[in-house]
Amino acid sequence: VHLLGLLSDRRRNLPPGPRPLPLVGSLLSLGALPHRSLARLAERHGPVMALRLGTVTTVVASSADAARDFLQRHDAAFSARAAPDGAHVFAHYAHSMGWLPATSPRWRALRKVCSGELFAPHRLDTQQALRQEKVRQLVSHVDRLAREGGEPVRVGRLAFATALNIARLDVQGLRRRIEGLFRRLHGMIDDLIEHRLRERAADGENTKKNFLDVLLDYRSAEDGRGFERQTILSLISDLFSAGTDTSSATVEWAMAELLLNPSSMARARDELNQVVGSKPVIEESDIGQLKYLQAIVKETFRLHPPAPFLLPHLAETTTQVRGYTVPRGARVLVNAWAIGHDAKVWPEPEKFVPERFLEKEVDFRGRDFELLPFGSGRRICPGMPLAVRMVHLMLASLLHRFHWRLPADVEKNGLDMSERLGVNLAMATPLEAIATPV
Ligand code: HEM
């Protein structure tokens, strides 16, 4: 079997990889931190590498050039998705933007609503006050903890609540990773839709439009039909699950790195003092001038991409990439973590050095393949414009309003920077830090 396997792999001209391809195995069989083990394997086998995980041939791209081949040059061939089992709950798969194939008209309609409406700059601009109000609540919560005897702040949890609350729904209580989460979340969103429909029926056109109205009003240009209820439900739950943990993990990792790198923290604060000064609130229009803060966010994305493999892509057609055959049905992982740690691109890749981005014109919006926290091409994260505003605003507000230090025991024993890969790449030990008002 082994020899036949070797022969047939050679005949199929698959990319190199560990041979024989293990017949059974999963991402988890690669250890708790597969982004690291696959990065090590790629050093041996190359930036385009094939493995068999379970019964599926999995191809991993681990360099900027390889990522460009899959996400730009052959974008159309690789823009389908391999849906995990969980996505089939409540027919979620057939309605969810995250899992529908890019050829599906429903996926296109959902992406269009996101880019043209929900996350379009004009729409985000009009909702700035809402985000500012949530960040104000974040600051006043930290302020209260600081004044009540310096109780440590759970940075990630707070950032999570803030990122979640901008959607005007209180679902923190539901965020336990238990079975039934979907059912309850859907039930709640369903109630919200009912409530909104009743309000609209009573008030006619007078009510102010929010995200939900945009979805309820949507009519496709092709057939004039709107979204089904199930599609709206799936979209809203996708936006919650894709948007909250990822944004809060970024703020948490950034704060942890700054606590370990006091000179970066000091430089960020100096910049905030210069740009924002004594203004009571930071506005999103200030962010453009906060170059060092932007560099901190980029450096955090490079070192700790919340989705280290993006979301799995699927080969819809058999395609030749760099002289190898990537067969139809193969799963494609882009190891954004490995790309951010590539020593050929990033000198001393393990070090937190935001300054590297002051000298280097590299951005994370999908044009520069050396830094891909949001992916690139047609599957690029649709929530990026919102995430970028929220992450900068939260981080800037926490840094501008408070001095931060680690609790004495953590200071003594060292901050645990180890990772846990669950839904996203999070700190294994949640960050706790003590704030003192400026
Ligand atoms: C720091 C924050 C965030 C990061 C790092 C992030 C990253 C990503 C990545 C890597 C992907 C997969 C791209 C690919 O497969 O090629 C993705 C997809 C997605 N993201 Fe985000 N995201 C963030 C925030 C958000 C927010 C705030 C929202 C919405 C409110 C959101 C909604 C989505 C959705 C719906 C998808 C699936 C899109 C599709 O498959 O067509 N994300 N995100």
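Me: How many bridges must DSSP find between two strands for them to pair?
Reply: This model is predicted. Two strands count as paired once DSSP finds bridges between them, and the number needed is at least two.

Me: Which residue of β12 stands opposite Arg-405?
Reply: Start with the strands. β9 and β12 (residues 432-437) run antiparallel and are joined by 4 bridges. Across from Arg-405, in β12, stands Ile-434.

Me: In what order do the 3 strands of the open sheet lie?
Reply: The pairing in this sheet is antiparallel. β4 (153-154) and β9 (402-405) stand at the edges with a single partner strand each, so one side of each has no neighbour in the sheet. The order is β4-β12-β9.

Me: How many helices and strands does the protein have?
Reply: The protein has 438 residues, and buried ones make up 40% of them. Its helices number 17 and its strands 12.

Me: What share of the contacts with a separation of 6 or more joins residues 24 or more positions apart?
Reply: Take the contacts in the protein with a separation of 6 or more. Residues 24 or more positions apart account for 73%.

Me: How many residues of strand β1 are buried?
Reply: Look at the two sides in turn. Val-48, Ala-50 and Arg-52 are buried on one. Met-49, Leu-51 and Leu-53 are buried on the other. β1 (residues 48-53) is therefore largely enclosed by the rest of the structure, with a buried count of 6 of the 6.

Me: Which residue in the hairpin of β1 and β2 takes a positive phi?
Reply: β1 and β2 (residues 56-61) run antiparallel, joined by 6 bridges. Leu-51 stands opposite Thr-58 in β2. The hairpin has 2 residues between the strands, and the one with a positive phi, near 65 degrees, is Gly-54.

Me: How far apart are the end C-alpha atoms of helix α5?
Reply: α5 (residues 105-118) has 14 residues. At 1.5 Å a residue, its span should be 20 Å. The distance between its end C-alpha atoms agrees with that: 18 Å.

Me: Which helices do the buried residues of α5 pack against?
Reply: These residues are Trp-107, Ala-109, Leu-110, Val-113, Cys-114 and Leu-118. They lie on the same side of α5, because their arc around the axis is only 165 degrees. On the other side, Pro-105 and Gly-116 are exposed. The buried residues pack against α6 (121-126), α10 (211-217) and α11 (229-260).

Me: Which helix gives the most to the largest nonpolar core?
Reply: The largest nonpolar core has 105 residues. Among those with the most contacts inside it are Phe-70, Met-255 and Val-332. With 13 residues, the helix that gives the most to this core is α11.

Me: Which residues from 312 to 315 does Val-332 touch?
Reply: Leave out residues up to four places away in sequence. Val-332 then touches several residues, including Val-59, Ala-61, Phe-70 and Phe-78. From 312 to 315, the residues touched are Pro-312, His-313, Leu-314 and Ala-315.

Me: Is Cys-381 buried or exposed?
Reply: A residue needs 20 or more other C-beta atoms within 10 Å to count as buried. Cys-381 has 23, so its state is buried.

Me: Which residue does the UniProt annotation "binding site" cover?
Reply: The residue is found in the loop between α15 (356-359) and α16 (384-401). Beyond its neighbours within four places in sequence, its contacts are Phe-374 and Gly-375. The annotation comes from an unreviewed UniProt entry and covers Cys-381.

Definitions and conventions: Residues numbered from 1 in each chain as written. Predicted model: local features only at pLDDT ≥ 70, side-chain atom pairs only at ≥ 80, totals over all residues. Expected span 1.5 Å × (residues − 1). Buried ≥ 20, exposed ≤ 12 C-beta atoms within 10 Å, placed from the backbone. Arc of directions from axis to C-beta. Contact = placed C-beta atoms within 7 Å. UniProt positions renumbered as here; feature names shortened; annotations may be inferred. Core = buried A, V, L, I, M, F, W, Y, C linked by C-beta atoms within 7 Å.
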